[in-house]
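Today I am opening my notebook on a new structure, and I will jot down what I look up as I go. Come along and keep the model open beside you.

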Amino acid sequence: MPEKTFARAAALAACLAAAAACAQNAPVTLTIHASQPTHAVSPALYGLMTEEINYSYDGGLYAEMVRNRTFRGDWSGTPYWYLVEQGEAVARMETDKSTGPSAALPASMRLDVEKADTHSPAGVLNVGFWGFSLRPDTEYKGSFYAKDAGDVGPVTISLVSDNTGKALATTTVSGVGAEWAQHTFTLKTSAIEPSSSNHLELTVTHPGTLWLNLVSLFPPTYHGRANGNRIDLMEKLAAMHPAFLRFPGGNYLEGDTIKERFEWKKTIGPLVDRPTHPSPWMYHSSDGMGLLEFLEWCEDLHMNPVLAVYAGYSLHGEHVDPGPALEPYVQDALDEIEYVTGSTSTKWGAERAKDGHPAPFKLTYVEIGNEDWFDKSGSYDGRYAQFSEAIKAKYPGLQLIATAPIKSVKPDVLDEHFYVRATTNFHDATHYDKTDRNGPKIFVGEWATREGLPTPDFGAALGDSAWMTGLERNSDIVVMASYAPLLVRVDPGGMQWETDLIGYNGLTSYGSPSYYAQVLFAQYLGDHVLASSTEGAGGKFFYSITASAAKKKLYLKLVNASSDPQQVDLNIDGAKLAPTAKVESLTATNPEETNSIDAPNRIVPASSELHDVSGKFHHTLPPYTIQVIAFDEQ
Ligand code: AHR
C-alpha cells in the first residue's frame, strides 16, 4: 500500500474507532443478487474519442519532431524556421512558390547562400514543438526533400543544444542534385541528459542555392512504425483497454468551412502527396496522422474503428442541401468505407494496399457527421437519410450513428455529448435509467466532467465515476462511450480546450485522476450487470455491479464523492465468494487535488486486499474515494 494511502487508512480507522469525533454519512445497505443477471454489458462500452485539438497529433501522439515541416508561410514569415548564418556566412531564406517536390506541396524554402565555408556554415533551423526533446543513446530517423543550384555541397544535419550551442548529434547528406529528391539520414545521441532545449539545423558550406521541403525527424515510435506514434502516450492509451477509436472528430471532421473539412483523400499515401490543411483549433494540421494512420492506431491497440464521415455541415454554419449537391459527399463517404474495408480488387481497397496495408480493416460503426444539432438550417434529417440510404444499400451490415435526433429514418445509434460539472453528473448518473429501449442505441461519443485545467482534478474524477456507474448500469442501451478531449500538450499555448484526460510535454506524460478512473472502470468490467438495490444512499454515493461468469468474478465499483466516510453494508446472495478480494482505490484529500506534469503520481490507484469477505459484511469507503472490489467466486 503506498505510504499516503496507508496513512489515510490508519487515520480513517482511528476516526471510526472514536465514533463521536468522526463525522460519517448514514450507512448504505447494498444488496446484490449474483445469480440474477439483468442484461449483458456492451462489449464495446469504453473506447477513445480523438481529434486534432490541444496538439493531440502534431506536437503530441504523432511523433514527428519538426514543426511546420512543409515550410508553410504566414504573415510573419515561415513559422518555427530561422536563418542560420554562422561566422562570416551570408545567406537569405524565403518561400519560393515556383518550385516544390510535388503537386500537393508546390512551394518550398529557398536558401540563397552568398558566402559560406566549413568555419562559417549557412542554413536553416527549426525550433520544433516547444523544442526538440532528446534522450540519451537514441536514434532519430530523418528525411528531407531538396534540390540545389550551384552545388551547395553536402547538407549537414545537427541536433543542437539551445543552451551550449553544441551539436548533440550530427550527420551529413551528399548527393543533393538539380532535381527534387528525398534524402534520408539518422542522428544518434550519446550519453546526454534528457532535455527539450534543443533545435535542428540543416546547413551547407558552399555558396549556391538550396531548396527544401518536408523536413522530418522521428524518435523511436510505438511498435517501430515509420511515421508512427509516441510510445509513452500509446502505452497510456493501451492501459485504458479501449474497445474502439472514434475519429477524426469532433469539430476537426467538420472544419470551420466546407473547404477546411477533413478531406480523407488528401491524408493518404506518401507524406509528400498530402497538402496539409487548416484545422478549426487554430493551428495547421500536417495530416501526417491520416486515414491509414488512424486505422493502424486501431490495429496497434486492438480497437475497432468508429469512422466519422463528413456529412455536409461545417462549424461556421455552411451546409450542403440534401439532394444532388450532397451526392459527391455521399460518394466520398462510400469511397472512404471502401478504403477501410474493401478487398484489394476494389478501387479504394487497392489504394489502401498501395499505401502499404493490403488487409482490409473490420468496420462496424460509421458516424454521419458531428454535432449536427448545430445546423440551424434543419438539413440534417435529409442529409442523414441520404447518407444512410446509400451506405445501407452497399454495406447493409454497417451500424450508422446519427449525431442529432432525426425523424425520417430511425438511426441505429444516436451520439450524445455531455460536458458538465461534477454536481451535474452526481444528479445525472441516472440519465439513461428510463431511456426508451425501443429507440436507437446510444453512443456517448463525447463526455467529461469539466473541472480542472489543463487536466481534470479529483472532483472531476468523482463526477466521471458517478456518470460511468450509470453508463454501466444502462449498458444494454448505451453501447459505447468515450471521454473527450483525450490529449493535451501542457506547454504554453498547447491547450485550446480545458479539461483533457492526459497531459504531456515533449519528454513525459501523465494521467489525470479522471484517466485513472477510466483505467479502473474499463479494466474491471464484467460481461453482464447483476440485479441490485440500495437503501439509505445519499446523493454522493454511487455504485455499479457487473460480473463475468467465465472468469468467475464480480466487479463492484463504489464511489464516495462526499467529504465523510461512507459505511456500506453489503448483502451478496447467489454466489459463494472467496474470503479475500482485490481492491483498487483512487482517493484524494480534497476535490481540487490533482496530478500534473511535475507531480504525475499524486493520485494513482493503490491496490490492497479485503479480508473476511462473506455474503454479508460491512465495508467503509474513505472520503473522496473511487474504489473497485474484484470478488472471486468459489
Ligand atoms: O471535444 C471538443 C469539441 O467539443 C469537439 O470537437 C466537438 O465535437 C465538441 O463540441
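Before my first entry I need one term: two strands pair if DSSP finds at least two bridges between them. I also note that this is a predicted model.

**Entry 1: strands 1, 25 and 26**

I began with strand 25, residues 528-535, and looked up its partners. Strand 1 (residues 28-40) runs antiparallel to strand 25, and 8 bridges join the two. I picked out one position here: Thr-29 stands opposite Glu-535. Next I turned to strand 26 (residues 541-548), which pairs with strand 25 in the antiparallel sense over 2 bridges. Here I found Val-529 with Thr-546 of strand 26 as its bridge partner. Strands 25 and 26 form a hairpin with 5 residues between the strands, and Gly-536 takes a positive phi there, near 85 degrees.

**Entry 2: strand 29**

Which strands pair with strand 29? I found strand 30 (residues 606-610), joined to strand 29 by 5 bridges and antiparallel to it. I also found strand 32 (residues 625-632), again antiparallel, with 6 bridges to strand 29. Lys-582 was a handy residue to follow. Lys-582 stands opposite Glu-609 in strand 30, and its bridge partner in strand 32 is Ala-630. I then checked burial: strand 29 (residues 581-587) has 6 of its 7 residues buried, so it is largely enclosed by the rest of the structure.

**Entry 3: the nonpolar cores**

I looked up the largest nonpolar core and counted 113 residues in it. Trp-297, Phe-387, Ile-391 and Val-444 touch the most other members. A second, separate core has 34 residues, among them Trp-81, Ala-89, Leu-200 and Leu-202.

I went back to Val-444 to see what surrounds it. Setting aside residues up to four places away in sequence, Val-444 touches ten-odd names I could click through, including Phe-418, Tyr-432, Trp-467, Leu-471, Val-478 and Met-480. Asp-415, Glu-416 and Ser-482 are also among the residues that Val-444 touches.

**Entry 4: helices 5 and 7**

I measured nothing by hand here; I just read off computed values. Helix 5 (residues 327-341) has 15 residues and reaches 21 Å from its first C-alpha to its last, close to the 21 Å expected at 1.5 Å a residue. Its buried residues include Tyr-329, Val-330, Leu-334, Ile-337 and Tyr-339. Asp-335, Glu-336 and Glu-338 are also among the buried residues of helix 5. What do the buried residues of helix 5 pack against? I listed helix 4 (291-300), strand 16 (304-309), helix 6 (347-354), strand 17 (365-368) and helix 7 (380-394).

That list sent me on to helix 7. Helix 7 has 15 residues and a reach of 21 Å from first C-alpha to last, close to the 21 Å expected. In helix 7, I marked Tyr-380, Arg-383, Tyr-384, Gln-386, Phe-387, Ser-388 and Ile-391 as buried. These buried residues pack against strand 16, helix 5, strand 17 and strand 18 (399-402).

**Entry 5: aromatic rings**

The structure holds 29 aromatic pairs. I chose Phe-144 and Phe-185, a tilted pair with 6.1 Å centre to centre and 40 degrees between the planes. This pair links distant parts of the chain, with Phe-144 in strand 7 (residues 139-149) and Phe-185 in strand 10 (residues 181-188), 41 residues apart. Are the two rings' residues buried or exposed? Phe-144 is buried, with a relative accessible area of 0%. Phe-185 is at 6%, so it counts as buried too.

I also found a cluster in which ring pairs link Tyr-57, Phe-247, Tyr-252, Phe-262, Phe-294 and Trp-297. Then I looked at Arg-67. Its charged end sits over the ring of Tyr-80, 4.0 Å from the centre, and over the ring of Trp-130, 4.7 Å from the centre.

**Entry 6: two loop residues**

Where is Thr-435? Thr-435 lies in the loop between helix 8 (422-428) and strand 20 (441-449). With a relative accessible area of 24%, Thr-435 is partly exposed. Its C-alpha is separated by 8.0 Å from that of Ile-477, 42 residues apart along the chain.

My last stop was Asp-476, in the loop between helix 9 (458-473) and strand 21 (478-483). Asp-476 is partly exposed, at 22% relative accessible area. The C-alpha atoms of Asp-476 and Ser-42 are separated by 6.3 Å, although the two residues are 434 apart along the chain. Leaving aside neighbours within four places in sequence, I found Asp-476 in contact with His-39, Ala-40, Arg-437 and Lys-441.

How values were computed
Residues are numbered from 1 along each chain as its sequence is written. This is a predicted model: local features need pLDDT of at least 70, side-chain atom pairs count only at pLDDT 80 or more; totals for chains, interfaces and linings use all residues. Side-chain values use heavy atoms; hydrogens and water are left out. Helices (H or I, at least four residues) and strands (E, at least two) are DSSP runs, numbered from the N terminus. A nonpolar core is a set of buried Ala, Val, Leu, Ile, Met, Phe, Trp, Tyr and Cys residues joined through side-chain atoms within 4.5 Å. Buried means under 20% relative accessible area, exposed over 50%, partly exposed in between (1.4 Å probe, protein chains only). Contact means heavy atoms within 4.5 Å. Rings of Phe, Tyr and Trp (its six-membered ring) pair if their centres lie within 6.5 Å; planes under 30 degrees apart count as stacked, over 60 as edge-to-face and the rest as tilted. A charge sits over a ring if NZ of Lys or CZ of Arg is within 6 Å of the ring centre and within 35 degrees of the ring normal. The expected span of a helix is 1.5 Å times one less than its number of residues.
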